[in-house]
Amino acid sequence: MGSMREVQKYIQEKLGTDVKDIQFLRNMVLAATVELTEVMAESPWKPWKPENYKKVNKQRVIDELADVQIFILNIMLHHDIYSNEVQD
């Protein structure tokens, strides 16, 4: 089908989503923030705890990052941004 952006655009079109709607953007930014918080929850990030106080569940981190990736793609669709524009 093409790039991940094209696939995500296709999905949003099939769902009838108006990716240019400001509420869509707000929802995607909030959703990405929540998912990144969930990545932190899966990580031993607390400096006041002993090192390695928590075992990282790599699959859960991967799952959360996959969600983040989708929301970022949707934000890029809203702003009509392509991946080559953010790689530099």
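In this predicted model, the axes of α1 and α3 approach within 10 Å and cross at roughly 80 degrees. The two helices are therefore roughly perpendicular, since an angle of 65 to 115 degrees falls in that class. On the α1 side the contact is made by M4, R5, Q8, K9 and Q12, and on the α3 side by Q69, I70, L73, N74, M76 and L77. The points below follow this crossing to Q8, to α3 as a whole, to the nonpolar core and to the loops on either side of α3.

**Q8 at the crossing of α1 and α3**

- Q8 belongs to helix α1.
- Q8 has a relative accessible area of 7%, and because this is under 20% the residue counts as buried.
- A polar contact of 3.0 Å links the side chain of Q8 to the side chain of N74.
- Apart from neighbours within four places in sequence, Q8 is in contact with I70, L73, N74 and L77.
- Three of these partners, L73, N74 and L77, are also listed among the buried residues of α3.

**Helix α3**

- Helix α3 runs over residues 58-79 and comprises 22 residues.
- The first and last C-alpha atoms of α3 lie 31 Å apart, close to the 32 Å expected at 1.5 Å a residue.
- V61, E64, V68, F71, L73, N74, I75, M76, L77 and H78 are the buried residues of α3.
- The cover over these buried residues includes α1 (4-15), α2 and α4 (83-86).
- In an α-helix, residues three or four places apart point the same way, because there are 3.6 residues a turn.
- H79 also lies in helix α3, and at 44% relative accessibility this residue counts as partly exposed.
- Beyond four places in sequence, H79 touches K20 and L25.
- H79 and L25 are 54 residues apart along the chain, while their C-alpha atoms are separated by 9.0 Å.

**The largest nonpolar core**

- Nine residues form the largest nonpolar core, namely V19, F24, L25, M28, A31, A32, F71, I75 and L77.
- Two elements, α2 (22-41) and α3 (58-79), each give two or more residues to this core.
- Helix α2 makes the greatest contribution to the core, with five residues.
- F71, a core member, touches M28, A31, A32 and E35 when residues up to four places away in sequence are not counted.
- L77 is part of this core and is also one of the residues through which α3 contacts α1.
- L25 is likewise part of the core and is touched by the partly exposed H79.

**The loop between α3 and α4**

- D80 is located in the loop between α3 and α4, just after the end of α3.
- The phi of D80 is positive, near 55 degrees, in a residue other than glycine.
- D80 counts as partly exposed, because its relative accessibility of 43% lies between the 20% and 50% limits.
- Outside the four nearest places in sequence, D80 touches R5, K20 and E85.
- The side chains of D80 and R5 are joined by a polar contact of 3.2 Å.
- R5 is also one of the α1 residues that make the contact with α3.
- Between D80 and M28 there are 14 Å in space, C-alpha to C-alpha, and a separation of 52 residues in sequence.
- Y82 is placed in the same loop, between α3 and α4, and at 41% relative accessibility Y82 counts as partly exposed.
- Leaving aside neighbours within four places in sequence, R5 and M76 are in contact with Y82.
- R5 is thus a contact partner of D80 and of Y82.
- The C-alpha atoms of Y82 and V68 are separated by 16 Å, the two residues being 14 apart along the chain.

**The loop between α2 and α3**

- N52 lies in the loop between α2 and α3.
- Although N52 is not a glycine, its phi is positive, at about 60 degrees.
- N52 has a relative accessibility of 62% and therefore counts as exposed, the cut-off being over 50%.

How values were computed:
Residues are numbered from 1 along each chain as its sequence is written. This is a predicted model: local features need pLDDT of at least 70, side-chain atom pairs count only at pLDDT 80 or more; totals for chains, interfaces and linings use all residues. Side-chain values use heavy atoms; hydrogens and water are left out. A nonpolar core is a set of buried Ala, Val, Leu, Ile, Met, Phe, Trp, Tyr and Cys residues joined through side-chain atoms within 4.5 Å. Buried means under 20% relative accessible area, exposed over 50%, partly exposed in between (1.4 Å probe, protein chains only). Helices (H or I, at least four residues) and strands (E, at least two) are DSSP runs, numbered from the N terminus. Contact means heavy atoms within 4.5 Å. The expected span of a helix is 1.5 Å times one less than its number of residues. A polar contact is a pair of N or O atoms within 3.5 Å; within protein, one must be able to donate a hydrogen and the other to accept it, and residues adjacent in sequence count only if both atoms are side-chain atoms. Axes are lines fitted to C-alpha atoms, for helices over the stretch in contact, and angles run from 0 to 180 degrees between N-to-C directions. Angles under 35 degrees count as roughly parallel, over 145 as roughly antiparallel, 65 to 115 as roughly perpendicular and the rest as oblique.
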